[in-house]
Amino acid sequence: MIIGIPRERKQGESRVAMTPDGTDELTKNGHLVLIETNAGLLSGFSNEEYVNAGGVIVESLEEVWGRADIIVKVKEPSKEEIPLFRPGLTVFCFLHLAAFPELTKEMVDRGITGLDYDLVMLDDGRLPLLEPMSIIAGKLSIQCGAYALQADQGGCGLLLGGSLGVAPARVVVIGAGVVGACAVRIAQGMGAEVTVLDIDTAKLSQFANNINPARTVFSTPSSLERELVAADLVIGAVLIPGALAPKLIKRSYLEGMKNGAVIVDVCIDQGGISETSRPTSHAEPTYVEDGVIHYCVPNMPALVPRTSTKALTSATLPYITMIAEYGVENAIQNSVPLRRSLTSFKGNLTNPVIGKELGMASLSKEETEKMLIAN
Ligand SMILES: NC(=O)c1ccc[n+]([C@@H]2O[C@H](COP(=O)([O-])OP(=O)(O)OC[C@H]3O[C@@H](n4cnc5c(N)ncnc54)[C@H](O)[C@@H]3O)[C@@H](O)[C@H]2O)c1
């Protein structure tokens, strides 16, 4: 199979979808890996390392997309890449389609087989391709939030851990999943006073028995609004797979918040948790709305590409290997976790949750399975 790895186009995106080690494994199994020139540079991988691993460097985006059977990327296809779509081509990356109606329509209308990293789901509900990026984004959320609180960054000048005779800052984490758990751990490590909210009490229970337990609160609109009043730093970390993030922070709640408080809306890649959130970029990560600083970067792990690229490739490689070995359609049929990630196939949207969000017709799970068997 021919696997194409383009250089990422999103602003500030420094990750690449394949390491030289991953390339080596695929080429040793007889596959051709095309890497766009300099695609790995910002992650610390030279063209030469890919060539030594058996990969082939190609000069243009057009050539990668034109020759490959499957495009493996990090983030959703960019405006430059959409014209390169062709029927039957498979695209495997973070798609976040509920946040991108036009991209979704192009993928469906132009016959792309879409596989979303975000939606590869194991039987126990774990999301093995999102998880390593969520660990990184969760840890970074506190680092970025602490930086935004600094006076030189326009923040209110608070140190998370406080000092002698000065109380620590209050961090409120909304969502106790992978991002939330990492954010809690780092915030506690920096000496902050931490509260975590979720609607799943089993998720909250993981914090109760720690040596350093975080305050846990069952999330309702009223309890959330109350917690926000005292917060210095708020982390948005909820997820409903495939759907847009629920707008749990209403614009009116900001009036009750402290002037100069910070919201790091990690779930901005799924539309964001606050009515006042809009995507920003690494070049200009924050803006102020109603006196509250918003950090809304949808590709936070790109801040640490040497860690993120290796973590991402370790997680994706088994699935890419499976697709390369068995072909896309057999792999989707044989692997339930991979089948759950299918978003478009042969001109159809195949994820009803995305269909509902975007008001588009979608095949049901059963209809998709029937179509896969018929092929
Ligand atoms: N910005 C970035 O760079 C970046 C990177 C990685 C992950 N993310 C995003 O971070 C978010 C969280 O990811 P995760 O891996 O931690 O997901 P997860 O599934 O592990 O956790 C999500 C949590 O949200 C909780 N939740 C759902 N609805 C809720 C509600 N109404 N109120 C309170 N809690 C609710 C769930 O119970 C769960 O505990 C996702 O949107 C993901 O896409 C963003």
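An oxygen atom of the ligand comes within 2.8 Å of an N or O atom in the side chain of Asp269, and that's a good place to start looking around this predicted model. Asp269 has company there, too: 26 residues surround the ligand, and the closest include Asp269, Ser134, Val179, Asp198 and Met300.

Two backbone contacts join the one from Asp269. A polar backbone atom of Val178 is 2.9 Å from an oxygen atom of the ligand, while for Val238 a backbone N or O atom lies 3.3 Å from a ligand oxygen. How much of the ligand's own accessible area does the protein cover? On its own the ligand has 870 Å² of accessible area, and the protein covers 91% of that.

**The aromatic rings**

Let's turn to the rings. The structure holds four aromatic pairs. Take Phe92 and Tyr117: the ring centres are 4.8 Å apart and the planes meet at 80°, and since anything over 60 degrees counts as edge-to-face, that's the label this pair gets. Phe92 belongs to strand 5 (residues 90-93), and Tyr117 to the loop between strand 6 (113-116) and helix 5 (131-148), so the pair ties together parts that are 25 residues apart in sequence.

Tyr117 also pairs with Phe94, again edge-to-face, with 4.9 Å from centre to centre and 85° between the planes. Phe94 is in the loop between strand 5 and helix 4 (101-109), so this pair ties Tyr117's loop to a part 23 residues away in sequence. Put together, Phe92, Phe94 and Tyr117 make one aromatic cluster.

Are these rings buried or exposed? Phe92 and Tyr117 are both buried. For Tyr117 the relative accessible area is 0%, and Phe94 is buried as well, at 3%.

There's a ring with a charge to look at, too. The charged end of Arg278 sits over the ring of Tyr287, 3.7 Å from the ring centre.

**Sheets and strands**

Now for the strands. Which order do the eight strands of the open sheet follow? They run 3-2-1-4-5-6-14-15, with mixed pairing. Strand 3 (56-58) and strand 15 (348-349) are the edge strands, each pairing on one side only. At the strand 15 end, strand 14 (residues 342-345) is joined to strand 15 by two bridges, and the two run antiparallel. Ser344 has Leu349 in strand 15 as its bridge partner.

Strand 7 (residues 170-174) pairs with strand 8 (residues 193-198) in the parallel sense, over five bridges. Within that pairing, Ile174 stands opposite Leu197 in strand 8. Strand 7 is mostly covered, with four of its five residues buried.

**Backbone angles and loops**

Most residues other than glycine have a negative phi. Asp290 goes the other way, with a positive phi near 50°, and so does Lys346, at about 45°. Asp290 is in the loop between strand 12 (286-289) and strand 13 (292-295), whereas Lys346 is in the loop between strand 14 and strand 15.

A glycine is worth a stop here as well. Gly260 is in the loop between strand 10 (233-236) and strand 11 (262-265). Its C-alpha is 5.8 Å from that of Gly291, although the two glycines are 31 residues apart in sequence.

Ala146, for its part, is in helix 5. Its C-alpha is 47 Å from the C-alpha of Glu366, and the two are 220 residues apart along the chain.

Here's how these residues compare for cover:

| Residue | Relative accessible area | Class |
|---|---|---|
| Gly260 | 10% | buried |
| Ala146 | 14% | buried |
| Asp290 | 44% | partly exposed |
| Lys346 | 44% | partly exposed |

The cut-off for buried is under 20% relative accessible area, so Ala146 at 14% counts as buried. Asp290, at 44%, falls between that cut-off and the 50% above which a residue is exposed, so it's partly exposed.

Definitions and conventions:
Residues numbered from 1 in each chain as written. Predicted model: local features only at pLDDT ≥ 70, side-chain atom pairs only at ≥ 80, totals over all residues. Heavy atoms only, no water. Phe/Tyr/Trp six-rings, centres within 6.5 Å; stacked < 30°, edge-to-face > 60°. Buried < 20%, exposed > 50% of the residue type's maximum accessible area, 1.4 Å probe, protein only. Lys NZ or Arg CZ within 6 Å of the ring centre and 35° of its normal. Near = heavy atom within 4 Å. Polar contact = N/O pair within 3.5 Å; in protein donor to acceptor, adjacent residues only side chain to side chain. Areas by Shrake-Rupley, 256 points an atom, 1.4 Å probe, with all protein chains shown as cover. Pairing = 2+ DSSP bridges.
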